[in-house]
Amino acid sequence: MKLPAGVNALKTGPSVVWKSTGKVQQTLVECVEISGKGLHSGEVARVRLWPELAGRGRYFCFGSQSIPACIEFAEETPLCTTLCKDGMRVRTVEHLLSALEAMGVDNCRIEIEGSNSTDNSVEVPILDGSAKEWVHAIEETGLRVASDQGGNPYDQLAPHLNEPVHVFRNDAFVAAFPSPSRQVTCGIDFPQVPAIGRQWFSSGLLDKTCYTREIASSRTFCVFEEVEKMQKAGLIKGGSKENAIVCSSTEGWLNPPLHFIDEPCRHKALDLIGDLSLFAASGSQGLPVAHIVAYKAGHALHADFVRRLSQVS
């Protein structure tokens, strides 16, 4: 068993240590193809997930660009996570990356093609607003051991925390604490929307089974009274009651039933896992082995946290 060729890029610092998980890196058995409309652009895109060699990690191929799913290529955009390289952008990557990270797809070539061939931006399909369809496709094709060109498997590494790490903006924060297992706790607070209100969700042990059963089917949500403002800002052009749950501050949920009573909070956990997967490199695990607590956090704060992890590694 070999270590990834890029393992030297995974530095060990006072707060983060990279350790073997005791497993080898994995990839898909065969190609998966899914098409759908983007939440914000409203444009149709086709995504193909291809098996990839060990040590290659997860990366997007769009036009002539190959964009690694790493924090150095993330840019701050409203309401989604965007990867950018040399002017080419792939938007709303968080649900797909969440599914790949949680289901153990360490190495994957993600080809994405938009309906507008002249555009320099493309968006991952929103599907039903959750990660359920990605998870189902991964389960259907299955996983296999990833090997390099010489047929050698690579050791899978994971970041472990030695001491707490945190970032915050006003009263929102993401903090991580040393733990022998991966755990996620998320909190949200919408006092202006009583049907949502304050919610907390916590996973006792975040593994593939927990993710599939408790997180993957949680859909993105929005506040009805904010929809017009978002549309005027050029967002959610592809939004509908088929790909999001919508809540009114006065009338409650407009398209019930919910999959879970705390579905909005669980979706925040889904997003957090996808964004923290950007800490991965060379086929390693991105989500730290730690207890991660996020309160009123969004994509921008998640990215700040990953950058902070990179600084203390």
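Let's start with one pair of residues: Arg46 stands opposite Glu113, which belongs to strand β10. Keep in mind as you look around that this is a predicted model.

That pair is part of a bigger pattern. Strand β4, covering residues 44–51, pairs with strand β10, residues 108–114, and the two are antiparallel, joined by seven bridges. Strand β10 also pairs with β5 (residues 58–62), but here the strands run parallel and four bridges link them. If you want a spot to find on that second pairing, try Phe60, which sits opposite Ile110 in β10.

Now hop along to another part of the fold, an open sheet of five strands. Reading across it, the order is β14-β15-β21-β16-β17, and the pairing is mixed. Why do β14 (165–169) and β17 (197–202) each have one side without a neighbour in the sheet? They stand at the edges and have a single partner strand each, so there is nothing in the sheet on the other side. On average, neighbouring strands here are turned by 5° against each other, if you ignore direction.

Inside this sheet, take a look at strand β15 (residues 172–178) beside strand β21 (residues 290–295). They pair in the antiparallel sense over six bridges. One of the bridge pairs is Ala175 with Val293 in β21.

Two helices pack on the sheet. Helix α5 touches β16 (183–190), β17 and β21, and its direction makes about 130° with that of β16. Helix α6, on the other hand, touches β14 and β15, with its direction at about 145° to that of β14.

Let's stay with α6 for a moment. This helix spans residues 299–312, so count along and you get 14 residues; from first C-alpha to last it reaches 20 Å, close to the 20 Å expected at 1.5 Å a residue. Quite a few of its residues are buried: His299, Leu301, His302, Ala303, Phe305, Val306, Leu309 and Val312.

Back to α5, which has a helix partner too. How do you describe two packed helices? You use the angle between their axes and the distance between the axes. For α1 (residues 94–103) and α5 (residues 263–276), the axes come within 7 Å and cross at roughly 80°. Angles of 65 to 115 degrees count as roughly perpendicular, and α1 and α5 are therefore roughly perpendicular to each other. On the α1 side, the contact involves Glu94, His95, Leu97, Ser98 and Glu101, which meet His267, Leu270, Asp271, Ile273, Gly274 and Asp275 of α5. Sorted by type, the residues of this contact are three nonpolar, four polar and four charged.

Terms used
Residues are numbered from 1 along each chain as its sequence is written. This is a predicted model: local features need pLDDT of at least 70, side-chain atom pairs count only at pLDDT 80 or more; totals for chains, interfaces and linings use all residues. Side-chain values use heavy atoms; hydrogens and water are left out. Two strands pair if DSSP finds at least two bridges between them. The expected span of a helix is 1.5 Å times one less than its number of residues. Buried means under 20% relative accessible area, exposed over 50%, partly exposed in between (1.4 Å probe, protein chains only). Axes are lines fitted to C-alpha atoms, for helices over the stretch in contact, and angles run from 0 to 180 degrees between N-to-C directions. Angles under 35 degrees count as roughly parallel, over 145 as roughly antiparallel, 65 to 115 as roughly perpendicular and the rest as oblique. Contact means heavy atoms within 4.5 Å. Ala, Val, Leu, Ile, Met, Phe, Trp, Tyr, Cys and Pro count as nonpolar, Asp, Glu, Lys and Arg as charged, and the others, Gly among them, as polar.
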